[in-house]
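Hi,

Here is the model I said I would pass on. Have a look at it first, and my notes on what turned up are underneath.

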Amino acid sequence: MTRTALITGITGQDGAYLAQFLLSKGYSVHGLARRSSTAEVNTTRLKWLGIESDVRIVDGDLTDLSGLARTMRDVRPDEVYNLAAQSFVRSSWQQPILTGNVTGIGVTNVLEALRLEIPAARFYQASSSEMYGLIQEPVQSETTPFHPRSPYAVAKVYGHWITVNYRESFGLHASSGILFNHESPLRGIEFVTRKVADTVARIKNGLARELRLGNIDAKRDWGHSRDYVRAMWLMLQQDQPDDYVVATGRTTTVRDMCRIAFEHVGLKMDDHLVIDPDLFRPAEVEVLRGNPAKAKAKLGWEATISLEEMIREMVDADLARHSAARR
């Protein structure tokens, strides 16, 4: 029988790649998306992957429990992937209550709707490496204590622990993936990797002269979204639910990531990079590095796409976008 999946946040980077992956597995894919009065649902990423017509978009909002319950009742998914969030860390200081309501309490709403309507369904929660924040161990694993450093990270900690609580309280098959930074050509322009790739492409095309960034000495563990959505699916195929770190185990500074991007197009980073104090976070997360040993041992998962390959792919995609726009 065809399995059915419901993805919240299907129009985002991970949602689009996950939808593509599940379709390749023969799933019927439904995606929850929030509409506004000023625009239709933005399906640009689904179009870019060529799968827009293959998924069914359902109106919904993580802050609306009754609507979520109705969706669960109508769709009857076998698997629910909660990827929706206010996910831009910098904005969470300007919108802390919204971030808490969507990124934190929204997880409870999805879990409660699932518990009431389809308790046998399997649930995936998108947790985040930002939860570690002021790191308590040099390499972070599933047992490393959290010390969140932004309203976004605080909300993610709540979402993570409420998932554990529903698993332990109600016996739900609910798993969390503690995903470290993961990027792609579908990443939003507000995120640093995509900002770098897009600006480098614009500089190469003569459309810009400088790249303005904040703390370029911050270190991150970067992987590719295509690899990471595969880990999400693997978690829900296990007999027992659990929590897993999904990471490459390698850290790179923002500075070195920029250098890779500039060198790919034959430019010198130092000729274009400008440090802007206004772009520093109020509370910085200096370094993150994940230990994916558990995911490898129990899920058989490991990253297959290197940082260098990912950055080159992102820059090439933005070069193509700008070239097409100039025609």
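Start with helix α9 (residues 254-264) and helix α11 (residues 307-326): in this predicted model, their axes come within 9 Å and cross at roughly 55°. An angle between 35 and 65 degrees is neither roughly parallel nor roughly perpendicular, so α9 and α11 count as oblique to each other. The crossing of α9 past α11 is right-handed. On the α9 side the contact is made by M257, I260, A261 and H264, and on the α11 side by L307, E308, I311, R312, V315 and D316. Sorted by class, that contact has six nonpolar residues, three charged ones and one polar one. If you are following the spacing along each helix, remember that an α-helix has 3.6 residues a turn, so residues three or four places apart point the same way.

Now α11 by itself. With 20 residues at 1.5 Å each, α11 should span 28 Å, and the 29 Å between its end C-alpha atoms agrees with that. Its buried residues are L307, M310, I311, M314, V315, A317, D318, L319 and H322. They have quite a list of packing partners: α2 (44-48), β7 (182-183), α7 (192-204), β10 (223-224), β12 (252-253) and α9.

As for α9, V254, M257, C258, I260, A261 and F262 are buried. Their cover includes α7, β8 (211-213), β12 and α11. Just after α9 comes G266, with a positive phi of about 75°.

Another positive phi is worth a look. R76, a residue other than glycine, has a phi near 50°. You will find R76 in the loop between α3 (65-75) and β4 (79-82). Is R76 buried or exposed? Neither, quite: its relative accessible area is 44%, so R76 is partly exposed, given that buried means under 20% and exposed over 50%.

One last residue to click on is D227, in helix α8 (residues 225-235). D227 has a relative accessibility of 3%, so this residue counts as buried. Which residues is D227 in contact with, once its neighbours within four places in sequence are left aside? They are W301, A303, T304 and I305.

That's what I have for now. Shout if anything is unclear when you open the file.

Cheers

Technical notes
Residues are numbered from 1 along each chain as its sequence is written. This is a predicted model: local features need pLDDT of at least 70, side-chain atom pairs count only at pLDDT 80 or more; totals for chains, interfaces and linings use all residues. Side-chain values use heavy atoms; hydrogens and water are left out. Axes are lines fitted to C-alpha atoms, for helices over the stretch in contact, and angles run from 0 to 180 degrees between N-to-C directions. Helices (H or I, at least four residues) and strands (E, at least two) are DSSP runs, numbered from the N terminus. Angles under 35 degrees count as roughly parallel, over 145 as roughly antiparallel, 65 to 115 as roughly perpendicular and the rest as oblique. A crossing is left-handed if the near helix is turned anticlockwise from the far one by less than a right angle, and right-handed if clockwise. Contact means heavy atoms within 4.5 Å. Ala, Val, Leu, Ile, Met, Phe, Trp, Tyr, Cys and Pro count as nonpolar, Asp, Glu, Lys and Arg as charged, and the others, Gly among them, as polar. The expected span of a helix is 1.5 Å times one less than its number of residues. Buried means under 20% relative accessible area, exposed over 50%, partly exposed in between (1.4 Å probe, protein chains only).
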